[in-house]
Structure formats: C-alpha cells, structure tokens
Amino acid sequence: MLRKLKKTLAKRKKLILALGILLVVFLIGRNLIIGKNKGLTKESVKRGTVAQEMVLSGEVKAIQDAKLYFAMPGELAWLGVKEGDLVKKGQVLVRLDTTNLYASYEMATSDLRLAQAVLDRVYDEVKGHETDESFLLREKRTTAEVTKDKAYRALTIAGKNLSNASLRAPFDGVIANVTYPFPGIYLFNTNYMIQIVNPRTFYFEVVADQTEVVDLKVGQKVGIKLDSFDEAVEGMVEYISLSPIEGEAGATYKVKIKIDSWPFDLNKIKVGMTGDAKFILSERQNALYLPPKFVNSDQKGKYVNLGRKNNKVYIETGIEGDDRVEVKGNIKEGNVVYD
C-alpha cells in the first residue's frame, strides 16, 4: 500500500514538472513574440467605403456680384442706401446732381416741338404737289424732316443722360460696399460707386491645372470645407472653363461648383471666403481596407506584416485614398497587421 502511494506521488511530481516546463516554454515564446512586436503599431483590417480623392483650394463667389459705375462724372446729390441694406431690382440707389442735365432735356424737348411745328407747316405748303413736287419744295420738306429727326435723337440722348445720373439695382441683393457714403463731392466715372451682391447666388470656385482638370467632369459631387466653418457643404460641379485663365503661369482652369443648400446662415458667408473642395474621383463600398502606413512594398510587390513582424503576406491593392487603401488577396476582415 505504501509502495503504491509512493508510485502515485512520483507520477504526480513528473506531471507537475512537465506542466511547469511547458509553462516556461510558453512564457519564453510569448515574451519573444512580444519582444519582436514591441515598439510596432498594429491595425485590424476593416470593411467600409474607400475613395480616391483630389483636394483643390478655392473661394466663395457670387454669380450676381456687380460694381456699379456712373456713365459720366458729376456731383453726388443723393444717396439712398447704406452698406448692408436689402434692395430690390430696379430700385434707385444713388443720384448725381441733374440741374444741367434736366435743363438739357428740357431744351431738347423744346427743340423737338419747334422742329415738329416747322415740319407741319412745310407739309401744309407741299400738300397737293405729290405728283409735281419741285426740287425747291423737296429740299424744303427734306430739310424740315432732317431737322425734326435730329431734334428727336437729341431728346433721346438727353433723356438717356438724365437716366444715367441715377444708379439702379440690377437685381435683388445686399449693398456690400459704398465707395463714397456722403453727398456733395464730385465723382469721376473711373471708380465704382456701389457694390451689390445677391447671397442666394453664392457658389464655390477652384482652379485646377491641366493635369487635374482632366479628372473632373460636370455633375461630379464635391465636398467643401470652408476655413471659417466646421460644417461641411455638399456641392456639384456645374461648369469647367474651356479656356485657361489669362496671366497664370501654366495652363489653369476655373471650376465652378454649385451649392443648392448651405448648412448655415447665408448672412455669415462672405465673398472671398476660402476653403478646400474634395472631389471623389473613384469610390468602392464594402471593401476591405487598411491605413496606407500598414501597406509595404518590395521587389515582389505589396505586402502586409500579418500577425507579427516580418510575416510578409503579399496582397493586391485597389483604390488608394489619403487615409484608406483597399486591400485584396489572402487577408480577411479583422486580421491584425503591423507596420
């Protein structure tokens, strides 16, 4: 009985010793693996949308953005708006002194009345001579008709000059700038007087060079991030210029991006605000992807370190974006890779 008990204890000691040796080997192997991967970053393969993007800088502009000039110099007599006012199309905004212009208009009106009266008298004189009109009568009639025509054209010009003494809003909008906000000064027609902008016609414009513009097309979706706001804006390419911008180094082209709905108050948006437009060149959904830093390459091709350092598994890549690269091949969702 005692001998059997000793044998049993001896077997248990051997079993415990073997388990201890296995545990030590496991811990040593684990530490070796951890040591190899120590200092490395890891990432798991995920599934989602991968997109190839192109980012171009630009600024906010308005389709209806006009600087209004007087057609002639003159003294500023009346200013009916100030910066920030809402105005309607056709509304009179500012007017020059019209004393001399109105006098010219009245004189032209009188000249036309006189010319018409003379012509009526001449018509009475030549009445009945339609078939036997002499050269003298024809000359008299023609002279009166020409004088009347000249008087009519003079009145038309005088009326146009009188009208040009006022600036009217060409569209509904907001007064963005008034160059001379006080009457009584003499203005020359070389500087604009008023700038008016319609905020409802804001759009975003970028400039693309000849290597970039070939990847863009009308109708393409665009994500816009203005430097002044946290919210992103969705837009669509509406127009790509056919001719390059003059004065630029190299061939560059304007790209107009239409925005149907702004996610913030239009009153906060200003012409000239800058930002970035992100164009989606290609996109694939439900794709396996990794951050670019985990996809390596050598002479054989592209690979990832699957599970541990230096465990190269060669793969293929698809769409490559700034922060995601599509991966294909002997790799699965959830696999851990090291850089």
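Which residue in S20 does leucine 306 stand opposite? In this predicted model, the residue across from leucine 306 is valine 337. That contact belongs to the pairing of S17 with strand S20 (residues 336-338), an antiparallel match held over two bridges.

Strand S17 itself spans residues 302-306, and it is mostly covered, with four of its five residues buried. Besides S20, S17 pairs with strand S16 (residues 296-297), again antiparallel, through two bridges. Here serine 297 has lysine 302 of S17 as its bridge partner. Getting from S16 to S17 takes a hairpin with four residues between the strands, and glycine 301 sits in this hairpin with a positive phi near 145°.

On to S18 (residues 312-320): this strand runs antiparallel to S17 and is joined to it by four bridges. One pair to look for is valine 304 with its bridge partner in S18, valine 313. The hairpin of S17 and S18 has five residues between the strands, and a glycine turns up with a positive phi here too: glycine 307, near 85°.

Now for the pockets. The largest pocket comes in at about 350 Å³. Its lining is made up of 20 residues, and those nearest the centre are Val222, Gly223, Ile224, Val233 and Glu234. Sorted by class, the lining splits into nine nonpolar, eight charged and three polar residues. Strands S2 (46-62), S12 (221-226), S13 (232-240) and S15 (274-290) each put at least two residues into this lining.

Notes:
Residues numbered from 1 in each chain as written. Predicted model: local features only at pLDDT ≥ 70, side-chain atom pairs only at ≥ 80, totals over all residues. Heavy atoms only, no water. 1 Å grid on protein atoms, 1.4 Å probe; cavity = no way out; pocket = protein on both sides within 12 Å on 5 of 7 lines; lining within 4 Å. Points joined across faces, edges and corners; volume = space filled by probe spheres on them. Nonpolar A, V, L, I, M, F, W, Y, C, P; charged D, E, K, R; others polar. Buried < 20%, exposed > 50% of the residue type's maximum accessible area, 1.4 Å probe, protein only. Pairing = 2+ DSSP bridges.
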